[in-house]
Amino acid sequence: MKTPQNESFRDTLGTLTDEGKRKWVFPKKPSGKFYDYRKWVSYVLLGFFLLAPFIKINGNQFLMFNILERRFNIFGFPFWPQDFHLFVISMLIGVIFIALFTVAFGRIFCGWICPQTIFMEMVFRRIEYWIDGDRGAQMRLDRQEWNVEKIRKRGLKWFLFLVISFVISNVFLAYLIGSDKLISYILAGPMANVSTLISLLIFTAVFYFVFAWFREQVCIIACPYGRLQGVLLDNKSIVVAYDHKRGEAENGRKKFRKNEDREALGHGDCIDCFQCVNVCPTGIDIRNGTQLECVNCTACIDECDHIMESINLPKGLIRYASEENIEKKKKFEFTPRLKGYSAVLVILTGLLIGMLMLRNDVEARVLRLPGQLFEHKDNNIISNVFTYKLINKTTRDIPEINFKLRSYKGTIKVVSAEDRFTVPKQGMAEGTLFIEINQGDLKSDKNKLMIEVYSDDDLIETTTVNFLGPRSYK
């Protein structure tokens, strides 16, 4: 893309001074069509974020990422450590989905969906506008000496930031350990779970640091996705772009003067008002082209449209467009690259759906007891000892568990007080069992047996084991 006014093109981060110090960003309060759309999207996503860990589907938390116990719930589907391959496929689908939309529409995820942007722009920043005022008032307050007014405003703002950070931390903890456990901890009181309280305070401090001080630096420095977009974008990607051909024309931009024929003078429609810069939450000048810091928040589009409207020029000087669209007026097309990402996404999604449909509610593992071969018993009976582990992935107890052999005549004896037992909900049962088969029924010294697991009379799972016997010399 052609760089307008190369002599002023930046070669440093917009949030750093010439001395390398942090330059605080005081963005102007945005308004306009896109900002209204973003507000409604943000309200929905904020509600989703706050409620998702407390919503249950078939008794399963809607979203849970219990890393410590390696248990995950995604849209109500539980994933146990044994289902890690399914969880990996789900994460790959998420990554490919974001990559697909980045190739097509740039960093639209960051500006419209990312929790960092939503909380920063729609919660913390709006509190700041309410207490400190708009851009100009914030800059004056920052330069102001510490007096009663500044202490009152800063104290109120920081207190509200701390309270909201604490609320976010509780919700975040509900995603990690489960909402039921979090509620039980709250009802038990903070002193009953000191370790959890300390974790909660650490999370609160981290969120407070991010939203009160680090802010846009998360998107610029910390977030790997900002770096990734540089690899994914091309000249066909639709991004928030400045139409330099229209804005610069032959003789560049120029301040607005009433009744002046800008077209005859060779000047573009950009009147160099810097409102697109003032409203940017990451402090960049969109007129310098696509940049790492741009999160596609559309604030500059709304502001530029308002300026164009006020001076009777067409809107769209800054708009959603691709480099090809600005340079050659080419419309968006479904490129082979997009087709490739889409094909991979469809394949992975189909694979995940198929695996989920084939997955059982109960998973059975029967393994030979290490170091044990076989035992001769009376009446020509051969006995093997195994350990079993049954994992119940549902939210209900599964009672009357019993084992049966398929294809071979024999008996299975469970080493427990009762032959039948219950697998608790979202838990597991493990123990030892003996399989006894008449030697005459064995086909070789190593026989593959199919074990059926029943709940009362309902078959719920099958598994295979190798049954060892004496070597035959026939």
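Angles under 35 degrees count as roughly parallel, over 145 as roughly antiparallel, 65 to 115 as roughly perpendicular, and the rest as oblique. This is a predicted model: local features need pLDDT of at least 70, side-chain atom pairs count only at pLDDT 80 or more, and totals for chains, interfaces and linings use all residues. Numbering starts from 1 along each chain as its sequence is written, and side-chain values use heavy atoms, without hydrogens and water.

**Exercise 1.** Classify how helix 4 and helix 5 are oriented to each other.

Step 1. Find the helices: DSSP runs of H or I, at least four residues, numbered from the N terminus. Helix 4 spans residues 115–132 and helix 5 residues 135–143.

Step 2. Take the angle, which runs from 0 to 180 degrees between N-to-C directions of lines fitted to C-alpha atoms over the stretch in contact. The two axes cross at roughly 70° and come within 9 Å.

Step 3. Helix 4 and helix 5 are therefore roughly perpendicular.

Step 4. List the contacts (heavy atoms within 4.5 Å). E128, Y129 and D132 of helix 4 meet A137, Q138 and L141 of helix 5.

**Exercise 2.** Do likewise for helix 6 and helix 7.

Step 1. Helix 6 (residues 148–177) packs on helix 7 (residues 179–188) at about 125°, with axes 7 Å apart.

Step 2. The pair is therefore oblique.

Step 3. On helix 6, N170, L173, A174 and I177 make the contact; on helix 7, S179, K181, L182, Y185 and I186 do.

**Exercise 3.** State how far the predictor trusts the chain.

Step 1. pLDDT is its confidence in each residue, from 0 to 100. The chain averages 89.

Step 2. A score of at least 70 is reached by 96% of the residues.

Step 3. Check residues 1–7: pLDDT stays under 50 there. The model has 15 contacts beyond four places in sequence for this stretch.

Technical notes. Helices (H or I, at least four residues) and strands (E, at least two) are DSSP runs, numbered from the N terminus.
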